[in-house]
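Visitor: I am new to this structure and should like to learn how to read it. Where may we begin?

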Amino acid sequence: MTTIEKFNNSVMHTYGRFDVVFEKGGNRECIDENGKEYIDFGSGIGTNSLGYCDEKWADAVCAQVRTLQHSSNYYYTKVQADFADRLCNIAGYKSVFFCNSGAEANECAIKVARKYSFDKYGKGRHTIITLVNSFHGRTLATLSATGQDVFHNYFFPFLEGFVNVTANDIADLKEKLEDKTVCAVMLEYVQGEGGVNALNKEFVDAVYDLCAEKDILVIADEVQTGVGRTGKFLAGDHFGRKADVTTLAKGIAGGVPMGACLVNEKCSGVLTAGTHGSTFGGNPIACAGGLAVLDRIESNGFLDEVGKKAEFIKNELVKCSEVKAVSGLGLMIGITLKNKDAHDVAQKALERGLLVLTAKEKVRLLPPLTISYDELKDGLKILIEILEE
Ligand SMILES: *Cc1c(COP(=O)(O)O)cnc(C)c1O
């Protein structure tokens with residue numbers, strides 16, 4: 001049996017996969033079972049923020065594996081304390097709950113919002129406004145929160161208490177905020193899975209200002225946009241706003257599973273002992289990986305460099321005749337094509353040694369934050385050749 005046959009025999013068929021088996025990685029390249037090398041513009045959907053097997057990150061993770069791999073949350077560990085302290089400081093939050101994925105981080109945020117409101121206003125003020133075209137995860141609660149009808153199938157009944165507003169439609173927002181049962185608005189500053197669309201500043205300002213008037217919490221789902229992806233530590237920094245609750249995952253630990261739900265002072269006491277938990281949450285290996293990621297992101301000029309690389313990519317792309325528009329923020333880039341199909345482009349790119357993602361009808365790029373200009377140039381050359389064929 002080939003690896004793919006064995007795989008399909010035993011793994012549920014929940015993904016449309018490309019016909020390739022990856023074996024190892026080095027820096028920004030990954031290598032398949034036949035030894036073919038690929039430049040990676042997807043970084044495992046933004047998780048390998050420092051590329052493949054970055055030396056310092058790998059040293060930190062391996063050292064932790066050999067020291068203490070897990071202890072459970074019945075006990076304290078220094079590495080979780082250190083990571084929480086650094087993360088809260090950099091992000092500008094009071095405290096954090098650690099979990100293992102983006103969906104779990106959003107579950108935690110939903111629980112924080114509902115309990116904050118329950119504690120203060122009693123039962124019934126539980127509705128969470130999310131945006132049309134959003135994506136918040138695959139658990140039942142986060143699917144319920146996700147504002148795309150395609151996800152609201154098969155698994156009935158979904159969780160009650162989610163209402164959708166059209167992104168950038170302030171009138172719609174105002175109308176839905178009239179509902180007295182609303183306790184939170186949850187948004188992605190740049191809708192990732194929804195097609196790499198950034199919200200406009202007026203809309204974000206309206207969300208914050210209207211919510212502040214009514215003590216409605218703002219939850220920023222920064223699972224994809226956070227931890228340096230957009231050239232700032234949080235995408236909210238581009239808008240000059242800080243949500244009451246911010247969720248992180250994907251790139252936070254450089255490719256080890258981790259999610260985080262950050263809360264401000266106002267929400268820091270909401271979840272009390274016994275109201276939430278996670279067996280693996282704050283796992284020492286993940287925290288060690290996270291610390292290595294923060295070390296790099298905090299190094300001099302790193303985030304500015306992310307912004308410059310993003311500009312470089314956009315400038316190259318807009319010269320291409322097949323490119324209709326380029327969207328996104330920082331190294332989270334969506335490419336609208338004139339005639340070509342994004343999935344065909346991704347397939348052709350794979351054949352020629354370049355990994356790219358898609359989001360809706362767009363080609364999506366989420367390269368490692370550490371990608372070099374040489375790799376960018378080589379990858380863009382392949383991509384643009386395919387687009388101009
Ligand atoms: C990927 C993603 C999620 C879900 O994260 P998982 O780790 O797959 O659970 C949630 N929200 C956003 C914005 C995402 O991009």
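Guide: Let us begin with the surroundings of the ligand. Helix α5, residues 102-121, gives the most to the shell around the ligand, with three residues. Please keep in mind that this is a predicted model.

Visitor: Which residues are around the ligand?

Guide: A residue belongs to these surroundings if one of its heavy atoms lies within 4 Å of the ligand. Here they are S101, G102, A103, N106, F135, H136, G137, E188, D221, V223, Q224 and K250.

Visitor: How do the residues of this shell divide into nonpolar, polar and charged?

Guide: The shell around the ligand has three nonpolar, six polar and three charged residues. Glycine is counted among the polar residues in this scheme.

Visitor: How should polar contacts with the ligand be read, and what is the distance from D221 to a nitrogen atom of the ligand?

Guide: One looks for a pair of N or O atoms within 3.5 Å. In the case of D221, a polar side-chain atom lies 2.8 Å from a ligand nitrogen. Q224 places a polar side-chain atom 2.7 Å from an oxygen atom of the ligand. For K250, an N or O atom of the side chain is 2.6 Å from a ligand oxygen. As for cover, the ligand taken alone exposes 380 Å², and the protein buries 81% of that.

Visitor: Let us turn to charged pairs. How many salt bridges does the structure hold?

Guide: A salt bridge is read from a side-chain nitrogen of Lys or Arg within 4 Å of a carboxyl oxygen of Asp or Glu. The structure holds 16 salt bridges. One of them joins E298 and R86, whose closest N and O atoms are 3.1 Å apart. This pair links distant parts of the chain, 212 residues apart: E298 is in the loop between α9 (284-297) and α10 (302-318), while R86 is in helix α4 (residues 78-91).

Visitor: Why does E298 count as partly exposed?

Guide: Partly exposed covers the range between buried, under 20% relative accessible area, and exposed, over 50%. E298 counts as partly exposed because its relative accessibility is 45%. R86, at 24%, therefore also counts as partly exposed.

Visitor: Which residue forms a salt bridge with E389?

Guide: The partner of E389 is R352, with the closest N and O atoms 2.6 Å apart. Distant parts of the chain are again linked, here 37 residues apart: E389 lies in the segment after α12 (373-388), and R352 in the loop between α11 (342-351) and β15 (354-355). E389 is exposed because its relative accessible area is 51%, whereas R352, at 36%, counts as partly exposed.

Visitor: Where do E385 and K381 lie?

Guide: Both E385 and K381 lie in helix α12, four residues apart, which is about one turn of the helix. Their side chains meet in a salt bridge at 3.6 Å, N to O. E385 is partly exposed at 40% relative accessibility, and K381 is exposed at 56%. Elsewhere, K201, D205, D209 and R241 are joined into one network by salt bridges that share partners.

Visitor: Finally, which residues form a nonpolar patch on the surface?

Guide: In such a patch, nonpolar side chains are joined within 5 Å. Here L140, Y154 and F155 form the patch, with about 390 Å² of accessible area together. Y154 is placed in the loop between α6 (140-145) and β6 (162-165). Y154 counts as exposed because its relative accessibility is 69%.

Methods: Residues numbered from 1 in each chain as written. Predicted model: local features only at pLDDT ≥ 70, side-chain atom pairs only at ≥ 80, totals over all residues. Heavy atoms only, no water. Patch = residues over 30% accessible without salt bridge, like charges linked within 9 Å, V, L, I, M, F, W, Y side chains within 5 Å. Areas by Shrake-Rupley, 256 points an atom, 1.4 Å probe, with all protein chains shown as cover. Helix = DSSP H or I, 4+ residues; strand = E, 2+ residues; numbered from the N terminus. Buried < 20%, exposed > 50% of the residue type's maximum accessible area, 1.4 Å probe, protein only. Polar contact = N/O pair within 3.5 Å; in protein donor to acceptor, adjacent residues only side chain to side chain.
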